[in-house]
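Trainee: I've got this one open on my screen and I'm not sure where to look first. Could you pick a single part, go through it closely, and then carry on into the rest?

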Amino acid sequence: MDDLKNQWTDINYWKSICPSLQIPSNDDNEGDAKKSSPETYGNGNGNDIENGKEDMAVTDARNGLLTDGYALIDADSIEQRTTLTFLNNRNTSTNQQEQTTTSKNLKYALKTGIEALTEANIPATFILLFDETWELAHGARTFLSEATHAQNQLNFDILAWFIDPRRGESGFSPHRDRQPDDIASSFHKPYSRASAKIMNGANNVNAGNKRCADATKEQTSRTIEDYGMAKYVTMWMALSNATPENSCLYVIPAGSDPGYYAGDPVDKNQPDPLQRALRNKNDYQNIRALPRRSGESVVFTHRIMHWGSKGNIRCNEPRVAISFVVSSGDFERPYVDPSYFTGNTLPPFHVRLLLVCAQLLIYHQRFNLSSLVIRTCFDYCKEHQSILDPSYFKKVNFEFIGAMKESKMITTIPSKQQGDLNGNNCDEDNVHDDDADDDEDEEAILEAMLDADAEGHDMEDDFDDLECGDEEEGFDDDNDDDVGECDDDYSSDNEGPGILFGSRPQPQKKRAKRE
């Protein structure tokens with residue numbers, strides 16, 4: 001385990017994989033979490049959407065989010081904001097054309113970096129270790145703050161993907177990113193009715209809500225004028241062309257989704273949210289495919305039902321993408337202190353690696369990680385626990401338990417796609433499955449369970465009693481359901497229709513080690 005951690009913390013190791021990308025020195029790794037007030041970014045001022053000072057891309061994005069729950073963003077809108085931040089500070093040239101070219105090349109550099117990581121059997125999300133990701137993140141958060149709400153700030157929920165249709169890979173099945181108990185509280189206070197007229201009355205959701213047999217009278221009477229901007233918004237950016245052939249995103253617009261505002265039934269005997277939105281063959285025409293050229297984006301709220309298609313195995317262009325999330329602190333707090341990432345500072349290396357390790361655990365369902373990798377990630381998170389937001393670390397702790405449980409129930413056969421994050425160590429001689437390691441794994445799980453119990457979460461008190469495939473409810477924290485189920489991509493063919501809102505793929509029983 002120490003060997004793997006030493007490899008991950010070796011700057012030269014990452015430079016050898018992505019020599020064209022920039023990575024900070026380990027000299028920045030000392031010190032405790034920074035203490036400062038959260039910053040606000042962008043020029044948006046929340047509810048003032050009629051000031052006439054913003055460009056059309058911002059206005060169109062806001063209107064799309066308010067009416068449909070999503071909007072399409074061109075590449076220039078992010079490039080302009082990226083060039084005005086870190087690239088300007090680090091580029092001494094006064095030639096604006098040279099700076100703009102640098103900004104456009106940034107996305108290509110990230111694409112080739114993710115390709116290099118994938119070739120080395122390393123998850124694409126390790127691209128967070130490199131400066132270029134954070135330069136792009138600054139442009140994304142600036143645009144999102146302008147287009148959504150000034151209180152929506154980057155929450156460090158950053159993920160990257162490499163989906164190869166030739167390997168049968170696909171995007172995640174239909175889902176919502178967050179399932180709060182109180183839907184209304186997950187939106188900012190509504191805009192004025194005069195401002196709401198900007199939407200031209202489009203997509204009034206009242207009719208859709210009436211289709212919800214389980215919705216209350218109060219819910220069914222709500223319209224778009226009763227809701228403001230979402231408190232959780234994602235920007236999903238294509239770094240390669242994303243098409244139906246290699247898994248672009250699909251959505252059901254808010255106005256065609258009865259559960260978008262009213263919420264979804266908890267009764268498992270009721271139709272699931274997708275079935276309720278697609279009651280007959282005509283409803284399927286409401287589904288919208290969102291192909292994007294390289295550099296273009298989709299922005300969408302936490303309530304939009306979305307998924308990635310399964311690509312055509314004859315398509316030889318993998319889909320490469322990255323996503324950034326902004327949220328309001330009263331809905332979901334930033335995962336680390338915002339002072340690590342300001343207008344003139346980038347997060348130090350240890351914070352970046354911490355986020356990668358935490359995200360691998362939170363979204364472990366999209367990987368097939370060995371227990372060694374899972375434990376190394378968790379140990380790194382525990383070592384730097386003081387840096388993580390407490391509620392986020394609780395989720396990391398909870399997902400670690402689930403990930404370790406599943407690693408005991410699923411055979412981990414090292415391969416190009418499921419090694420130990422190091423292609424040089426993907427032989428069976430290095431699989432840590434002897435009795436001693438099993439004992440250490442179970443000890444780590446029990447310790448995490450005790451930590452969860454201490455935090456007030458009721459866990460099973462015997463690891464041996466945990467049954468594979470049981471539904472896991474996650475932490476009941478008013479902001480979201482099990483955050484580990486909110487990934488936009490999942491490569492397994494084992495998922496069932498229940499994955500939509502809470503149930504998880506049924507892992508296969510552990511088989512004998514392949515000879």
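**A close look at α14, and onward**

Mentor: Let's start with who is tucked away in α14: S371, L372, V373, I374, R375, T376, C377, F378, Y380 and C381 are its buried residues. Keep in mind as we go that this is a predicted model. Run your eye along that list and you'll see R375 and T376 sitting in it alongside L372, V373 and I374. Taken as a whole, the helix is mostly covered, with 10 of its 13 residues buried. It runs over residues 371-383, and its first and last C-alpha atoms are 18 Å apart, close to the 18 Å expected at 1.5 Å a residue.

Now put α7 next to that for a second view of a covered helix. This one takes in residues 131-147, 17 residues in all, and reaches 25 Å from first C-alpha to last, close to the expected 24 Å. How many of the residues of α7 are buried? The count is 17 of 17, so α7 is largely enclosed by the rest of the structure.

Let's zoom out before going back to single residues. The protein has 16 helices and 9 strands, and 59% of its 515 residues are buried. Its accessible surface is about 21,700 Å², with 44% of that belonging to carbon and sulfur atoms. The chain also folds back on itself over long stretches of sequence: take the contacts between residues at least 6 apart, and 85% of them join residues at least 24 apart.

How far should you trust all that? The average pLDDT of the protein is 74, and 63% of the residues score at least 70. Residues 28-52 fall below 50, yet that stretch still has 52 contacts in the model beyond near neighbours in sequence. Residues 91-101 are below 50 too, and there the count of such contacts is 9. I'd read both stretches with care.

On to the inside. The largest nonpolar core has 115 residues, and W14, F126 and I127 have the most contacts within it. Which helix gives the most to this core? That's α13, residues 349-362, with 11 residues.

W14 is a good way into that core. You'll find W14 in α2, residues 11-17, and it counts as buried because its relative accessibility is 1%. Leaving out residues up to four places away, W14 touches Q7, W8, I23, L117, I122, F126, L129, F130 and F349. Look at F130 in particular: it is 116 residues from W14 along the chain, but their C-alpha atoms are separated by 8.9 Å. And F349, another of the residues that W14 touches, is where α13 begins.

Follow the chain back from α13 and you come to D337, in the loop between β9 (319-328) and α13. D337 has a relative accessible area of 17%, under the 20% cut-off, so it is buried. Its side chain makes a polar contact of 2.6 Å with the side chain of S339.

Next, have a look around β7, residues 297-301, which has S297 in it. S297 is buried, at 0% relative accessibility. Setting aside neighbours within four places, S297 is in contact with A71, L72, I73, I78, M235, W236, M237 and R292. Of these, M235, W236 and M237 fall in β4 (232-238).

Just ahead of that strand is P291, in the loop between β6 (288-290) and β7. Buried or partly exposed? P291 is partly exposed, at 40% relative accessibility. Beyond its sequence neighbours, P291 is in contact with A242, T243, P244 and C248. The C-alpha of N241, 50 residues away along the chain, is 7.7 Å from that of P291.

That brings us to the loop between β4 and β5 (249-252), where S247 lies. Most residues other than glycine have a negative phi. S247 goes the other way, with a positive phi of about 85° although it is not a glycine, and it is buried at 0% relative accessible area. F156 also has a positive phi, near 75°, and isn't a glycine either. You'll find F156 in the loop between β2 (152-154) and β3 (159-163), where it is buried at 2% relative accessibility.

Methods: Residues are numbered from 1 along each chain as its sequence is written. This is a predicted model: local features need pLDDT of at least 70, side-chain atom pairs count only at pLDDT 80 or more; totals for chains, interfaces and linings use all residues. Side-chain values use heavy atoms; hydrogens and water are left out. pLDDT is the predictor's confidence in each residue, from 0 to 100. Contact means heavy atoms within 4.5 Å. Helices (H or I, at least four residues) and strands (E, at least two) are DSSP runs, numbered from the N terminus. The expected span of a helix is 1.5 Å times one less than its number of residues. Buried means under 20% relative accessible area, exposed over 50%, partly exposed in between (1.4 Å probe, protein chains only). A nonpolar core is a set of buried Ala, Val, Leu, Ile, Met, Phe, Trp, Tyr and Cys residues joined through side-chain atoms within 4.5 Å. Accessible areas come from the Shrake-Rupley method with a 1.4 Å probe; for residues, only the protein chains shown count as cover. A polar contact is a pair of N or O atoms within 3.5 Å; within protein, one must be able to donate a hydrogen and the other to accept it, and residues adjacent in sequence count only if both atoms are side-chain atoms.
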